[in-house]
Amino acid sequence: MIDALRRHPVVTAARGQPPSTFTEVSATLAPHRWGYDTADATLRVTWQPLDQPEFAFHYSEDSFDCGWHREPNPHVDGDAHYQERVGTDEYRYEPIRFDGETAPELTWEVMERLRKRLDGR
Amino acid sequence: MAVAHRILQAHAEAILEDILHRIVDLDEVVGRLALGVMYQRVGVLGESLNDDVADNGRRLLAGFGQRFDQAVRDLDRLSGTVRGFDGVGVGCNHTNWFARSRKSVWVPEPGDGETDTEQSVVSQLGIGDQFDNSAGRRNYHSSVRTGGMDESDWEATWQEHASAFDRVRSVVLAVPEPQPAEWIADHARVAESTARDHLDRLADMGVVTSHATDGGTAYGPDPAYVRFREIRELTTEYDSDALSEFVVDLKESIAELREAYDADTPADLRAAAAEPGVDAEEARAMARAAGDWEHYAYRLSLLEDAITRYDEYTASNVPA
């Protein structure tokens, strides 16, 4: 996961957080490389290695955040979903289907989904 | 090796993997055409880059044997019947062709009669689904794989930025259970023979361990390698005082779980989750907590190792 993120051209740094328990990976992004201008863009990734792994890739910038998650939730049928909100509005949810299966596949898949989402903003 | 050189080499290898992986998915004519064109490309790249790429390409292509011979025959046939075919082959932009779309052919700026040539090629190949005239190039695209372009975009980006070797390495390091080469090839988007080569190399390097199973050889991360990589990251990023503070944090996190679930070990917690009378949601929460616990215990063991041997791991000299 952390390796796949570090290799991505829009990721400038990725490290385990908090440094003691290392329960998530926090990455700093440079979306201007996609032609999208924003400051302080970050991606947080959590991964639970269950039989069917549960995970969340969550992007944040000033006044906007969105994420691709696969985890139990009361908002959509099934675990896989996309969510986003502007500022502190309520999240909007929609069910999705992931194409990749392993952590590196999912990392590249989500980064591409993010690129497209930011492209539409 | 210069950076540009490495990038080009990785790119050339990635293109080869792509063809080898897809030739069976693509319709036969285009698959063989791609292979033939790529063989030319490898020859060119081989001269201007280094012999390894060319040798690797020839070796991989040789694995196709009969298939490649057929590709050459088809190329000869097409060359004889389609005027300007060589122009397509030589001018083929491999980035456009392989990285951005499933298959596309661009023909250099048309001169007299070129349009006819383009049409002949496209009609012979049956790939005229989409026409895109941009940046002075004519691209003929065709979505061959089911799922369309959207699904494949991330794969193309991945293949563009990570070599076949890197993709195999990242997939095999991510598997929770050892997997056969075929499975790893599928998830790394490389040919099975390529995956085997890279997995053997990774095993030689101590990155991967092979396991004999009923279904053949399976590959997974080498636990000692993974462990040491984590320790090295800790000793590179933090001094030993910081590492000692992390130990305190981790021990607290473990104590909290022990108390919350009244269990002595993660295994006890898993056993409790499987007891009759535990509802599904609760069992899932307990399994998650057991996973966290194992993760904390693992991180704790890494920290203890990093602290104990901090000076050795950060020394500038190593004994001969």
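In the predicted model, Pro18(A) is found in the loop that lies between β1 (11-17) and β2 of chain A, and the peptide bond leading into this proline from Gln17(A) is cis, with omega near -20°. A further backbone feature of chain A occurs at Asp40(A), which has a positive phi of about 55° although it is not a glycine. The place of Asp40(A) is in the loop between β2 and β3 of chain A, and the residue counts as exposed because 9 other C-beta atoms lie within 10 Å. As background to both features, most residues other than glycine have a negative phi, and most peptide bonds are trans.

Chain A as a whole has two helices and seven strands, and its elements, taken from the N terminus on, follow the order α-β-β-β-β-β-β-β-α. Of the 121 residues of this chain, 31% count as buried. Among the contacts in chain A with a separation of 6 or more, 20% are accounted for by residues 24 or more positions apart.

The pairing of strands in chain A can be followed from β2 onward. Strand β2 (residues 24-29) of chain A is joined by four bridges to strand β3 (residues 42-48) of chain A, and the two run antiparallel; within this pair, Ser26(A) has Arg44(A) in β3(A) as its bridge partner. Strand β3(A) also pairs in the antiparallel sense with strand β4 (residues 54-61) of chain A, here over seven bridges, and Leu43(A) stands opposite Tyr59(A) in β4(A). The connection from β3(A) to β4(A) is a hairpin that passes through five residues.

Chain B has 16 helices and six strands, and buried residues make up 35% of its 320 residues. Of the contacts in chain B between residues at least 6 apart in sequence, 60% join residues at least 24 apart. An open sheet of three strands in chain B has the order β4-β6-β5, with antiparallel pairing. In this sheet β4 (179-180) and β5 (208-213) of chain B stand at the edges, each with a single partner strand, so one side of each is left without a neighbour in the sheet. The pairing between β5(B) and strand β6 (residues 216-221) of chain B is antiparallel and extends over six bridges, with Tyr219(B) in β6(B) as the bridge partner of Ser210(B).

Tyr219(B) also appears in the surroundings of Ile184(B), which, when residues up to four places away in sequence are not counted, touches Val168(B), Val171(B), Val172(B), Gln179(B), Ala195(B), Leu199(B) and Tyr219(B). Ile184(B) belongs to the largest nonpolar core, which has 44 residues and in which the residues with the most contacts inside it are Val168(B), Val172(B), Ile184(B), Ala195(B) and Leu199(B). A second, separate core of 14 residues includes Leu234(B), Leu250(B), Met286(B) and Tyr296(B).

The loop between α10 (181-188) and α11 (192-204) of chain B holds Val190(B), and Arg189(B) has its place in the loop between α10 and α11 of chain B as well. Val190(B) counts as buried because it has 29 C-beta neighbours inside 10 Å, and Arg189(B) counts as buried with 24 such neighbours inside 10 Å. Phi of Arg189(B) is near 60°, a positive value in a residue other than glycine. The C-alpha atom of Val190(B) is separated by 8.3 Å from that of Arg167(B), although the two residues are 23 residues apart along the chain.

Helix α12 (residues 223-237) of chain B has 15 residues, which at 1.5 Å a residue should span 21 Å, and its end C-alpha atoms are 21 Å apart, in agreement with that expectation. The buried residues of α12(B) are Ile231(B), Leu234(B) and Thr235(B); they cover an arc of only 90° around the axis, which puts them on the same side of α12(B). These buried residues of α12(B) pack against α13, α15 and α16 (310-314) of chain B, while the face turned away from the buried side carries the exposed residues Thr236(B) and Glu237(B).

Between the two chains, 24 residues of chain B are in contact with 21 residues of chain A. On the side of chain B that touches chain A, α8 (148-161), α9 (164-174), α13 (240-261) and α15 (280-308) of chain B each supply at least two residues, and the largest share, six residues, comes from α8(B). The residues of this side of chain B divide into 12 nonpolar, six polar and six charged.

Notes
Residues are numbered from 1 along each chain as its sequence is written. Chains are lettered from A and ligands numbered from 1 in the order in which they are written. This is a predicted model: local features need pLDDT of at least 70, side-chain atom pairs count only at pLDDT 80 or more; totals for chains, interfaces and linings use all residues. Two residues are in contact if their C-beta atoms, placed from the backbone, lie within 7 Å. Ala, Val, Leu, Ile, Met, Phe, Trp, Tyr, Cys and Pro count as nonpolar, Asp, Glu, Lys and Arg as charged, and the others, Gly among them, as polar. The expected span of a helix is 1.5 Å times one less than its number of residues. A residue is buried if 20 or more other C-beta atoms lie within 10 Å of its own, exposed if 12 or fewer, and partly exposed in between; C-beta atoms are placed from the backbone. The arc is that of the directions from the helix axis to the C-beta atoms. A nonpolar core is a set of buried Ala, Val, Leu, Ile, Met, Phe, Trp, Tyr and Cys residues joined through C-beta atoms within 7 Å. Two strands pair if DSSP finds at least two bridges between them.
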